[in-house]
Amino acid sequence: HGERMIKRTFNPGFRIELHQKDLKLALEGASALGLSLPHTASALQLMNSCAANGGAQLDHSSLVRALDARTGKIEWKQDLRKVAKRQPPMWGFSSSPLVTQGVVIVHAGSPGKLGILAFDAETGEQRWHFDPKLEQHRPAKFCRGVAYHEAANAADGTPCKARIYTSTRDARLIALDAATGREAWRTTLTAPLRSGPTVAGSRVF
């Protein structure tokens with residue numbers, strides 16, 4: 001999928017309309033169980049927006065485009081090969097962008113400071129980057145996505161009120177300030193993770 005994003009070719013592997021179906025089923029099941037899945041709902045909104053702009057038959061990698069909702073014009077784009085200074089791994093960049101706090105956060109998995117990148121949602125300019133400081137970096141060690149959480153009782157302007165969570169395949173869970181990319185804390189887990197973390201209530205899974 002990373003190669004498709006870079007080359008701007010979105011011939012479907014798994015179509016947007018199929019994601020819409022699956023996400024709706026997940027939300028219906030969660031509602032029946034009394035659960036809240038805000039990020040799943042956000043993902044469905046992104047899929048709906050893409051479909052509304054003629055992308056229902058495209059691969060889900062087409063979500064990388066930032067489109068003007070009225071005209072379909074590409075407002076901005078970034079070549080992650082150049083920004084992250086790396087070639088995509090053989091499986092591509094295997095996570096969707098996270099949009100929050102006025103930034104678009106992507107998981108590039110690059111060595112050093114370019115592991116996670118945040119771009120201004122309006123202009124596409126880079127706002128911050130994060131170095132996970134892995135001891136022995138390999139692309140496979142950096143995990144497949146990020147999660148978002150905002151402390152409901154924290155006053156506006158409180159440092160790290162909104163946080164980004166990411167995990168690594170060498171068994172680390174890391175929390176970042178969503179506004180600045182600064183590390184809030186990290187912890188070592190008992191086993192490596194092969195997927196991004198999930199936040200429910202005040203807990204990170």
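A polar contact is a pair of N or O atoms within 3.5 Å, where, inside a protein, one atom must be able to donate a hydrogen and the other to accept it. Keep that in mind for the first stop. The model on your screen is predicted.

**Stop 1: Q126**

Select Q126, then add H129. The side chains of these residues make a polar contact at 3.1 Å. Q126 lies in strand 6, which covers residues 126-130.

Is Q126 buried, partly exposed or exposed? Its relative accessibility is 36%, so Q126 counts as partly exposed.

Now show the residues around Q126. Leaving aside those up to four places away in sequence, Q126 touches V83, L117, A118 and F119. Then draw a line from the C-alpha of Q126 to the C-alpha of V104: they are 9.2 Å apart in space and 22 residues apart in sequence.

**Stop 2: the open sheet**

Color strands 3, 4, 5 and 6. These 4 strands form an open sheet in the order 3-4-5-6, with antiparallel pairing. Which strands stand at the edges? They are strand 3 (98-100) and strand 6; each has a single partner strand, so one side of each is left without a neighbour in the sheet. Turn the view and look along the sheet: the twist averages 20° from one strand to the next.

As background, strands of a sheet pair through backbone hydrogen bonds, either parallel or antiparallel.

**Stop 3: from strand 3 to strand 4**

Begin at the strand 3 edge. Strand 3 and strand 4 run antiparallel and are joined by 3 bridges. Select V99 and you will find V104 of strand 4 opposite. The two strands form a hairpin with 2 residues between them, and Q101 in the turn has a positive phi of about 55°.

Stay on strand 4 and show its side chains. V103, I105 and H107 point one way, while V104 and V106 point the other way. A general rule helps here: in a regular strand the side chains alternate between the two faces of the sheet. How many residues of strand 4 are buried? The count is 5 of 5, making this strand mostly covered.

**Stop 4: strand 5**

Step across to strand 5. Its link to strand 4 consists of 5 bridges, and the two run antiparallel. Two pairs are good to select: H107 with its bridge partner I116, and V104 with F119, which stands opposite.

Strand 5 is also mostly covered, with 5 of its 5 residues buried. I116, A118 and D120 point one way from the strand, and L117 and F119 point the other way.

**Stop 5: back to strand 6**

Strand 5 pairs with strand 6 over 4 bridges in the antiparallel sense. Opposite I116 you will see F130, and opposite A118 is W128. Follow the backbone between the two strands: they form a hairpin with 5 residues between them, and G124 in the turn has a positive phi of about 85°.

Now select R127 and D120. Their salt bridge has its closest N and O atoms 2.9 Å apart. With a relative accessible area of 40%, R127 is partly exposed, whereas D120 is buried at 17%. The cut-off behind that label is simple: buried means under 20% relative accessible area.

**Stop 6: the cores**

Show I105, I116, W128, I164 and L176. These are the residues with the most contacts inside the largest nonpolar core, which has 14 residues. Strands 4, 5, 6, 7 (142-150), 8 (162-168) and 9 (172-177) each supply at least two residues of this core. A second, separate core has 9 residues, including W76, L80, V106 and L117.

Zoom in on L176. Beyond the residues up to four places away in sequence, its contacts include I116, W128, F130, I164 and E183.

**Stop 7: two more salt bridges**

E183 leads to the next selection: it forms a salt bridge with R186, the closest N and O atoms being 2.9 Å apart. E183 is partly exposed at 35% relative accessibility, and R186 is partly exposed at 28%.

Finish with R15 and E17, whose side chains meet in a salt bridge at 2.8 Å, N to O. R15 counts as partly exposed at 28% relative accessibility, and E17 is partly exposed with a relative accessible area of 28%. How many salt bridges does the model hold? The count comes to 4.

Terms used:
Residues numbered from 1 in each chain as written. Predicted model: local features only at pLDDT ≥ 70, side-chain atom pairs only at ≥ 80, totals over all residues. Heavy atoms only, no water. Buried < 20%, exposed > 50% of the residue type's maximum accessible area, 1.4 Å probe, protein only. Contact = heavy atoms within 4.5 Å. Core = buried A, V, L, I, M, F, W, Y, C linked by side-chain atoms within 4.5 Å. Pairing = 2+ DSSP bridges. Axes fitted to C-alpha atoms, helices over the stretch in contact; angles between N-to-C directions.
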